[in-house]
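User: Please take a close look at one helix in this protein. I would like to know how it sits against the rest of the chain, with enough background to place it.

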Amino acid sequence: MVVKASQRLIEIADALPLTTGMRVLEIGCGPGVLARLIAERMQGDVRVLGIDRSASAIAAATSQMTGSAHPSAIAFRQVAAEHFMLAEEEEPFDLAVAIRVGALDGRHPEAGRLVLPRIRAALRPQGRIFIDGGNPLREIPLTGLPD
């Protein structure tokens with residue numbers, strides 16, 4: 001099943017530096033379109049966790065998995081980014097991506113100060129985080145953040 005997505009999200013998925021077997025955290029996943037695009041691009045050889053603070057967004061994302069070509073590659077969890085922590089025995093992520101997340105794109109800098117250390121703690125030491133606002137993405141440096 002081909003994921004229906006906006007041209008903008010397709011360009012974002014294409015711009016991500018994805019590699020086989022990667023673990024990807026999507027922050028503010030909404031209905032899960034980008035998560036499904038990532039799984040499709042990697043033909044299911046990726047693990048994507050989409051998180052969102054909204055219960056209705058997670059319900060929508062989960063319901064959209066019906067008919068997905070790669071359902072075992074994607075999971076969703078309701079949690080605010082500033083409260084996100086790896087679950088017990090959950091592997092860290094290689095890459096995080098956030099599209100239209102105010103805590104990371106500068107619209108809510110106070111929230112960003114809470115979110116970035118949480119995300120860094122959930123990433124592998126060489127993990128990277130990308131947000132929209134570049135061409136089409138830009139990377140946020142994770143060095144020098146408080147623990």
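Analyst: What follows deals with helix H1, after some background on the whole protein. The model is a predicted one. The protein has 5 helices and 6 strands, and their order along the sequence is α-β-α-β-α-β-β-α-α-β-β. A compact globule of 147 residues would have a radius of gyration near 15 Å, and the 14 Å of the protein agrees with this. Along the principal axes, the C-alpha atoms fill a box of roughly 40 × 35 × 30 Å. Of the 147 residues, 48% are buried.

Helix H1 covers residues 7-15, and its buried residues include Leu9, Ile12 and Ala13. Viewed down the helix axis, the buried residues of H1 lie within an arc of 100 degrees, so they line one face. The spacing fits the general geometry: an α-helix has 3.6 residues a turn, so residues three or four places apart point the same way. On the face of H1 turned away from the buried side are the exposed residues Gln7 and Asp14. Here buried means under 20% relative accessible area, and exposed means over 50%.

The cover over the buried residues of H1 includes helix H2 (33-41) and strand S6 (137-140). As for contacts across the protein, among those between residues at least 6 apart in sequence, 73% join residues at least 24 apart.

As for the outer surface, the protein exposes about 7700 Å², with carbon and sulfur atoms supplying 52% of it. The protein has 16 positive and 17 negative charges, and their mean positions are 4 Å apart.

Notes. Residues are numbered from 1 along each chain as its sequence is written. This is a predicted model: local features need pLDDT of at least 70, side-chain atom pairs count only at pLDDT 80 or more; totals for chains, interfaces and linings use all residues. Side-chain values use heavy atoms; hydrogens and water are left out. Helices (H or I, at least four residues) and strands (E, at least two) are DSSP runs, numbered from the N terminus. The radius of gyration is taken over C-alpha atoms; the globule rule is 2.2 Å times the number of residues to the power 0.38. Buried means under 20% relative accessible area, exposed over 50%, partly exposed in between (1.4 Å probe, protein chains only). Contact means heavy atoms within 4.5 Å. Accessible areas come from the Shrake-Rupley method with a 1.4 Å probe; for residues, only the protein chains shown count as cover. Lys and Arg count as positive and Asp and Glu as negative; His and the chain ends are not counted. The place of a charge is taken as NZ of Lys, CZ of Arg, CG of Asp or CD of Glu. The arc is that of the directions from the helix axis to the C-beta atoms.
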